[in-house]
2 protein chains.
Amino acid sequence: METKVSTANKEIIIGDGRPTVLIGERINPTGKKKLADALRAGDMEIVKKEALAQVQAGADILDVNVGTSGVDQVSLLPCAVQTVMSAVDVPICIDSDKPEALKEALKVYRGKPIINSVTGQKKSLEVILPLVSEYKAAVIGLCMDDGGIPESADKRVAVARKIVGEAEKLGIPREDIIIDCMVLTLGAEGNAGTVVLEAIRKVKAELGVNMTFGCSNISFGLPDRDILNRAFISMAIAEGVNCPVVDAAKIRETVLAADLILSRDKWASRYIGAYRERQKLHGSKK
Amino acid sequence: METKVSTANKEIIIGDGRPTVLIGERINPTGKKKLADALRAGDMEIVKKEALAQVQAGADILDVNVGTSGVDQVSLLPCAVQTVMSAVDVPICIDSDKPEALKEALKVYRGKPIINSVTGQKKSLEVILPLVSEYKAAVIGLCMDDGGIPESADKRVAVARKIVGEAEKLGIPREDIIIDCMVLTLGAEGNAGTVVLEAIRKVKAELGVNMTFGCSNISFGLPDRDILNRAFISMAIAEGVNCPVVDAAKIRETVLAADLILSRDKWASRYIGAYRERQKLHGSKK
């Protein structure tokens, strides 16, 4: 199953057996005071810098989220989307909890974006899916509903099934739905890893959809987060996640290793290419 | 299913849901000129040093192999086993392609060791399994037979099935058989990763046995081997490998991360303990 997203100029295809597609997570003010302050002041300089840095680090798609206190997302989200479109040529994952802001951003976007996100909540399905249909976008479906994030893998699969079913009723093709099985943190939930890995395996087997997740949530509050994030993303890619939301600069080399191990990198050309780039960078720093 | 191995004083249990058991790989002269020279001279100093260093780095069991040109394994293997037994208190995985050498080493070993290895070859089954039975040892069964290492996962599973079947005929309990699905190198076989991961999954599902593998083979000849080894071991542990043969100093932190993600490290106590040890070590180096 292939999810095709695009800019005005180029297409990115997400699909099993293909190289993992990285959705850059860094344009999001949560926990980033400097970015939050800049957004409040309407200053797009950091957004532009982060867009350039992430694409340089290997991000294939950029998530754009401006949600923080004191920001009017309805006016600022389209502006951030414009900024990113003029800085880099990668598809955008338009990320907001405000449907009105999503709609304004969709109006200015050129190409086929991803909408982040719809949930299994009745209200979300009713408001977001028509937008997905109207703008012929792809959408991330989160495995949570009116009861929150279900504890069990099977209940998360049930939410994914519901989202796919409701979308298909509106004529949204299944390949335009990307499921996120929801990563909780190991620091709070000892079985956060096993539950989400089981859900990923089951959603892939039953629905065959492409899948994302917020990798670094797993390690929140624990030491040496990168070690955990790398082990976790390796397992999750093997189970079926093929467009994770990540900090590309920190995790791309592990993702390329996973792709090579899973026969998605013929002749190891991407893996070795990235190694050579690192060597060059390392050499120029001396 | 639990594989119990021991020294004269303590037991190590390998089993699903338990922390991954690390078999230290470094007492093996293949590709190590200094160790090979020392072994030829009958000098056990490096063996002793490697034993201490690996246990310090977190190895739970030590593989002991003295096979190199110019070495009489029949006399040297028992000597190396004695050396390791007096240096450290961890079970030994007695590793030789010479059944006579295995037998002499088994005679001196105190506790329950692992024999490395039996294959699906007729001759190997006929010679090694009686030793396993006589000394009530555990044994590593390699998924290869008279035709070499099968290309397909299903054929490797068939070899594992055969080894388990032949062992059970001699009264060797299934829990004393540890299967190695055989890691080839990605540099030579583009599907080396996918085939062995599929074999691991299928052997675990069908036979339920504990499983080992030589992790670092996957990256032979490729750059930045540790990145590949870490991604690969994370996937393999998730699929069922629970006593890999590794360089503990290089990979233990990733294995502890994998165990934490897979709910085998309650309260993250092993993961955080290892982090604190690294901090202490780092601090003392300043």
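Which strands of chain B does helix H3 (residues 73-87) lie across, and at about what angle does the helix run to S5(B)? I began my notes with this point, working on a model that is predicted. I found that H3 of chain B lies across S3, S4 and strand S5 (92-95) of that chain, and that the helix runs at about 165 degrees to S5(B).

**Entry: the sheet of chain B**

I then traced the sheet to which these strands belong, and in chain B I read an open sheet of eight strands in the order S9-S8-S7-S6-S5-S4-S3-S10, with parallel pairing. At its edges I noted strand S9 (210-212) and strand S10 (245-246) of chain B, each of which has a single partner strand, so one side of each is left without a neighbour in the sheet. Looking at one pair in detail, I saw that strand S3 (residues 23-27) and strand S4 (residues 61-64) of chain B run parallel and are joined by three bridges. Within this pair I looked up Ile27(B), whose bridge partner in S4(B) is Val64(B).

A second helix caught my attention here: helix H5 (residues 122-134) of chain B lies across strand S6 (114-119) and strand S7 (138-142) of chain B, and I recorded about 155 degrees between H5 and S6(B).

**Entry: backbone details in chain B**

Following S6 of chain B along its backbone, I came to a cis peptide bond from Asn116(B) to Ser117(B), with omega near 20 degrees, and I confirmed that Ser117(B) lies in strand S6 of chain B. I also looked into the loop between H5 and S7 of chain B, where Lys136(B) is found; this residue has a positive phi of about 45 degrees although it is not a glycine.

**Entry: the sheet of chain A**

Turning to chain A, I again wrote down an open sheet, formed by eight strands in the order S9-S8-S7-S6-S5-S4-S3-S10, with parallel pairing. Here the edges are held by strand S9 (210-212) and strand S10 (245-246) of chain A, each with a single partner strand, so one side of each is left without a neighbour in the sheet. I followed strand S7 (residues 138-142) and strand S8 (residues 177-180) of chain A, which pair in the parallel sense over four bridges, and I noted that Val139(A) has Ile177(A) as its bridge partner in S8(A). Helix H5 (residues 122-134) of chain A packs on the sheet and touches strand S6 (114-119) and S7 of chain A, its direction making about 155 degrees with that of S6(A).

In chain A, too, I looked up the peptide bond from Asn116(A) to Ser117(A), which is cis with omega near 20 degrees, and Ser117(A) lies in strand S6 of chain A.

**Entry: the hairpin in chain A**

Where does antiparallel pairing appear in chain A? I found it between strand S1 (residues 2-6) and strand S2 (residues 11-15) of chain A, which are joined by five bridges. A hairpin connects S1(A) to S2(A) through four residues, and across this pair I saw Lys4(A) standing opposite Ile13(A) in S2(A).

**Entry: salt bridges**

I took the total over all chains next, and the structure holds 42 salt bridges. The one I examined within chain A joins Glu50(A) to Arg26(A), with the closest N and O atoms 3.0 Å apart. Glu50(A) lies in helix H2 (residues 45-56) of chain A and Arg26(A) in strand S3 (residues 23-27) of chain A, so the pair ties together parts that are 24 residues apart in sequence.

**Entry: the interface of chains A and B**

Lastly I went to the contact between the chains, which takes 29 residues from chain A and 29 residues from chain B. Chain A and chain B bury about 2500 Å² between them, and 75% of this area is on carbon and sulfur atoms. I counted two salt bridges between chain A and chain B, and in one of them the side chains of Arg278(A) and Asp224(B) meet at 2.5 Å, N to O. The interface also has 12 residue pairs in polar contact, both residues being at pLDDT 80 or more.

On the side of chain A that touches chain B, the elements giving two or more residues are helix H7 (192-207), helix H8 (225-239), helix H9 (248-261) and helix H10 (269-285) of chain A. The largest share of that side, seven residues, comes from H8(A). By residue class, I noted that the side of chain A touching chain B divides into 19 nonpolar, seven polar and three charged residues.

How values were computed:
Residues numbered from 1 in each chain as written. Chains lettered and ligands numbered in written order. Predicted model: local features only at pLDDT ≥ 70, side-chain atom pairs only at ≥ 80, totals over all residues. Heavy atoms only, no water. Contact = heavy atoms within 4.5 Å. Buried area = accessible area lost by both parts, 1.4 Å probe. Salt bridge = Lys/Arg side-chain N within 4 Å of Asp/Glu carboxyl O. Polar contact = N/O pair within 3.5 Å; in protein donor to acceptor, adjacent residues only side chain to side chain. Nonpolar A, V, L, I, M, F, W, Y, C, P; charged D, E, K, R; others polar. Pairing = 2+ DSSP bridges. Axes fitted to C-alpha atoms, helices over the stretch in contact; angles between N-to-C directions.
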